[in-house]
Amino acid sequence: MAAATAMPSKEVMKTTSQSAKVARPRTPTPEPNQGKPFRPRSEMRLISAAKFVHLEVPRRKNHWGRLIQSNQTGMLFGPRGRGKTWVAMSLAICISACISFLGRKARRARRVIYLDGEMDLFTLRQRILSLCRSFNVDPPGNLKLFTPEAFTDLLPSINTAEGQRAIDEMIGTEWDVIFIDNYSAWSGDGRETAEAWAPMMRWMLAHKRAGRTVIVIHHTGKTGKQRGSSSHEDALDWSVALKPVEDVAGDGALRFNLVWEKSRHLANTEVQPIAATLRQGENGDVSWHHKEGLHRDPRIEKALAMKAKGLSQVAIADELGIDRTTVGRWLKTK
């Protein structure tokens, strides 16, 4: 008789049955160090998506509502003598004192540094006193100032390694927001090329990674954009243009719209222009007023009027000091 065929055991049958099933995807095993606070490192490294989504990233702190926050780089630019420094100094005082400015305020008082590069000592002092009176606050103790008139040497250049070391030694690391007023005064040779800007941008990003916010004050060029290379704004988190409004009231007040040209961290509904007015009294007192703004470049009306007179697009561009592409876009405005 033929030998009886051995029957597989229940354990073997169970194993065979399971091996025939299709493997199901599993939730990835958490990688090491997940849940620990994220810190940048000196060496370049890759991070898996599975780990990246679980990084413990510090929440941004509101320094001026949500418009200016911690861990940011920003730029405020506008024409000479039309209110940039008034805005920047008002922001510095209000952020350091935790009081409202143009309808927004910090969540709590922050440590602020203001690096002035041009103003004389007397004018700087008077502006601080006038603004503090207008906000009904004592000059904040955690607002630190630098004025070139208290320094016997030339200003260090913020776009050189040597200049940055000198500035870092002075300011230290115990601060939240720094204002640089203005780029031209602190850039040494005054060059506004992409190559000259790059070292300063690296310095700004280093402070951003450490949780601090750097705000640069800059001038506009003939086109109404920030002066110099357009690459200046590439690595910034936000940029705000100060757009002057003509003094139709004839009272000498400074009127302008603050217009967000770039805002990575804000929704479209949060970047409406702010129409601001700064009035100065005969005794030196100042007062701020604001409302929601609507910005339309006043040169558009001039371009349309010149078109109605029969001027060519080239002639309009030459007269207004702007490029023909911009004129062409404006002439389509109704």
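1. A cavity, on a 1 Å grid over the protein atoms alone, is a set of points where a 1.4 Å probe fits but cannot get out, and its lining residues have an atom within 4 Å of a point. With that in hand, welcome to this predicted model. In the largest cavity here, the lining is made of Trp64, Leu67, Ile68, Leu76, Val87, Leu91, Ile215, Trp238, Val240, Leu258 and Trp260.

2. What kind of residues make up that lining, nonpolar, polar or charged? The split is 11 nonpolar, no polar and no charged. At least two of the lining residues come from each of helix 3, strand 8 (238-244) and strand 9 (254-263). The volume of this largest cavity is about 90 Å³, and the count of cavities of 30 Å³ or more comes to one.

3. Now a step back for the overall picture. The protein has 334 residues, 42% of which count as buried, and its secondary structure consists of 10 helices and 11 strands. If you take contacts between residues at least 6 apart in sequence, 64% of them join residues at least 24 apart. Do keep this in mind as you follow the chain on screen.

4. The open counterpart to look for is the largest pocket, with a volume of about 560 Å³. It is lined by 23 residues, and Pro58, Asn71, Lys208, Arg209 and Gly211 are the ones nearest its centre. Nine of the lining residues are nonpolar, five are polar and nine are charged. You may like to set this beside the lining of the largest cavity, with its 11 nonpolar residues and no polar or charged ones.

5. Next, the nonpolar interior. In soluble globular proteins, nonpolar side chains tend to be buried together. The largest nonpolar core here has 43 residues, and those touching the most other members are Trp64, Phe101, Phe179, Leu258, Trp260 and Trp288. Helix 3 (residues 84-97) gives the largest share of this core, with nine residues. There is also a second, separate core of 24 residues, with Ile158, Ile171, Val214 and Ala241 among them.

6. Phe179 is a good residue to click on. Beyond its neighbours within four places in sequence, Phe179 is in contact with Ala88, Leu91, Ala92 and Ile95, with the run Val112, Ile113, Tyr114 and Leu115, and with Ile215 and Ile217. Leu91 and Ile215 may look familiar, as they are also among the residues lining the largest cavity.

7. Is Ser96, a helix 3 residue, buried or exposed? Ser96 counts as buried because its relative accessibility is 2%, under the 20% cut-off. A polar atom of the Ser96 side chain lies 2.9 Å from the backbone oxygen of Ala92. Farther along the sequence than four places, Ser96 touches Ala109, Arg110, Val112, Pro140, Asn142 and Leu143.

8. Asn182 sits in the loop between strand 6 (177-181) and helix 6 (183-186). Although polar by class, Asn182 counts as buried, at 2% relative accessibility. Which side chain does Asn182 meet in a polar contact of 3.2 Å? The partner is Glu118. Apart from neighbours within four places in sequence, the contacts of Asn182 are Glu118, Ile217 and His219.

9. A second asparagine deserves a look: Asn159, in the loop between strand 5 (143-146) and helix 5 (161-171). Asn159 counts as buried, with 11% relative accessibility. Its side chain makes a polar contact of 2.4 Å with the side chain of Ser157 and reaches the backbone oxygen of Ser187 at 3.4 Å. Leaving out residues up to four places away in sequence, Asn159 touches Gln164, Tyr183, Trp186, Ser187, Asp189, Ala196, Pro199 and Met200. The C-alpha atoms of Asn159 and Trp197 are 6.6 Å from each other, with the two residues 38 apart along the chain.

10. Last, Leu254 in strand 9. Why does Leu254 count as buried? Its relative accessibility is 17%, and buried means under 20%. Not counting residues up to four places away in sequence, Leu254 touches Gly81, Arg82, Gly83 and Trp86, and also Ala276, Thr277 and Leu278. Leu254 and Trp288 are 9.7 Å apart in space, C-alpha to C-alpha, and 34 residues apart in sequence. Trp288 is one of the residues that touch the most other members of the largest nonpolar core.

How values were computed: Residues are numbered from 1 along each chain as its sequence is written. This is a predicted model: local features need pLDDT of at least 70, side-chain atom pairs count only at pLDDT 80 or more; totals for chains, interfaces and linings use all residues. Side-chain values use heavy atoms; hydrogens and water are left out. Helices (H or I, at least four residues) and strands (E, at least two) are DSSP runs, numbered from the N terminus. Buried means under 20% relative accessible area, exposed over 50%, partly exposed in between (1.4 Å probe, protein chains only). A polar contact is a pair of N or O atoms within 3.5 Å; within protein, one must be able to donate a hydrogen and the other to accept it, and residues adjacent in sequence count only if both atoms are side-chain atoms. Contact means heavy atoms within 4.5 Å. On a 1 Å grid over the protein atoms alone, a cavity is a set of points where a 1.4 Å probe fits but cannot get out, and a pocket is an open set with protein on both sides within 12 Å along at least five of seven lines; lining residues have an atom within 4 Å of a point. Grid points are joined across faces, edges and corners, and a volume is the space filled by probe spheres set on the points. A nonpolar core is a set of buried Ala, Val, Leu, Ile, Met, Phe, Trp, Tyr and Cys residues joined through side-chain atoms within 4.5 Å.
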